[in-house]
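Grab a pencil and have a go at these exercises before reading the solutions. Each one comes with a worked walk-through.

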Amino acid sequence: MELIKRVPKGIKYVTDEPMSRHTTFRTGGPADLMLLPSSVAELRGALAFLRDEGVTPFILGNGSNLLVSDRGIRGVVIKIGEGMDGMIADGENVICGAGAYLTRLCAFAAENSLSGAEALYGIPGSVGGAIYMNAGAYGSEIKDVLVSVDYIKPDGASGTLRGVDGYGYRCSPFTDGDRIITSAVFAFKKGDRAAIESKMAEIKTRRADKQPLNYPSAGSVFKRPDGYYASALIDQAGLKGRTVGGACVSEKHAGFIVNKGGATTGDILRLIDIVREKVMSDSGVMLETEVRFVGEDQNG
Ligand SMILES: Cc1cc2nc3c(=O)[nH]c(=O)nc-3n(C[C@H](O)[C@H](O)[C@H](O)COP(=O)(O)OP(=O)(O)OC[C@H]3O[C@@H](n4cnc5c(N)ncnc54)[C@H](O)[C@@H]3O)c2cc1C
């Protein structure tokens, strides 16, 4: 990739970077070039460079909702993580960088006796990825505590999106758009630190009891269909334990596909197809994936 030689000085990057290092499924082939901006200014510089080169980047958070092609990504990935992960409390508000871990934001809120994000504790995404997906659990969604989101676009324009219009079940005004989330303001309520921490500990236990956290995965593979639970439909279809290569429908939580060792993205995709077909023929419900696919065509 010719443009690698022209990456501006000061922007950290890696080449031929195995995406399996950046996805919680631990699968995915190499990205030609991954830029690792450590500030909004560096991100802005990276975008200006890519604009000149005529390249549109893929934005990566913590890779916890992604299936990356085994053939990798022919192009540029920008990872929003370290360096863009600062957070500060301002009264009952917290201003947080998009690259911070969501779980770290929850812990930071608790340290400041701020209540509202307890149920999100343990979701292994970045704050940017969680806003993009409107991540949620146990009756809460990130939008419930969101005030505003700062973003920048590949053309260099930046702005602030206030309020929570357009957020829904696992979607946000950012989903499938080109705005790159750089930071957000959250509003919490003053509470009792011990009570907040105890609620977070309870959530952690519930997750560990129900979810196969000892294997790589991307959490629930499928969205909740209206009026059903995907995991119940998959369980009723007798698919728990169904395996393709190293990919397996979890025995513990049928909504999860886990990487039992050596799984490829191809294995996971084939298993997803099997699950969708069997659930469709058994219950007439077509499951939609929550996990997002990115990269080269698997069969190309
Ligand atoms: C064990 C486990 C449990 C999980 N439990 C839950 C759960 O309870 N609830 C839930 O909702 N999810 C859950 N997930 C899924 C996942 O953690 C969330 O969807 C999370 O919000 C994804 O964030 P991420 O940073 O990993 O995003 P990524 O997977 O890196 O990216 C997801 C999408 O967001 C986009 N994106 C990421 N960052 C930005 C940014 N800064 N600006 C613009 N776009 C961006 C990417 O381009 C991509 O399209 C779970 C996953 C695992 C592995």
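The exercises below deal with a predicted model, so keep that in mind as you go.

**Exercise 1.** Work out which residues and elements surround the ligand.

*Solution.* Start with the count: 32 residues surround the ligand, and the closest are G61, G125, G128, G129 and G219. Next, sort by element: β3 (58–60), α3 (127–133), β9 (136–137), β13 (180–187) and β15 (217–220) each give two or more residues to this shell. Of the elements, α3 gives the most, with five residues. Finally, sort by class: you should get 17 nonpolar, 14 polar and one charged.

**Exercise 2.** Find the strands that pair with β18, and say whether its faces are buried or exposed.

*Solution.* Take β15 to begin with: it pairs with β18 in the antiparallel sense over two bridges, and S217 has V258 as its bridge partner. Now take β17 (residues 247–249), which is also antiparallel to β18, over three bridges. Here C248 is bridged to V258. A hairpin of six residues joins β17 to β18.

Now the faces. In a regular strand, side chains alternate between the two faces of the sheet. In β18 (residues 256–259), F256 and V258 sit on one side, I257 and N259 on the other, and all of them are buried.

**Exercise 3.** Describe how domain 1 meets domain 3.

*Solution.* First, set the bounds: domain 1 spans 2–79 and domain 3 spans 215–294. Their C-alpha centres are 28 Å apart. The contact takes 14 residues from domain 1 and 16 from domain 3. On the domain 1 side, strand β4 (residues 66–68) gives the most, with three residues. By class, that side has six nonpolar, six polar and two charged residues.

Key
Residues numbered from 1 in each chain as written. Predicted model: local features only at pLDDT ≥ 70, side-chain atom pairs only at ≥ 80, totals over all residues. Near = placed C-beta within 6 Å. Helix = DSSP H or I, 4+ residues; strand = E, 2+ residues; numbered from the N terminus. Nonpolar A, V, L, I, M, F, W, Y, C, P; charged D, E, K, R; others polar. Domains from an automatic or database assignment. Contact = placed C-beta atoms within 7 Å. Buried ≥ 20, exposed ≤ 12 C-beta atoms within 10 Å, placed from the backbone. Pairing = 2+ DSSP bridges.
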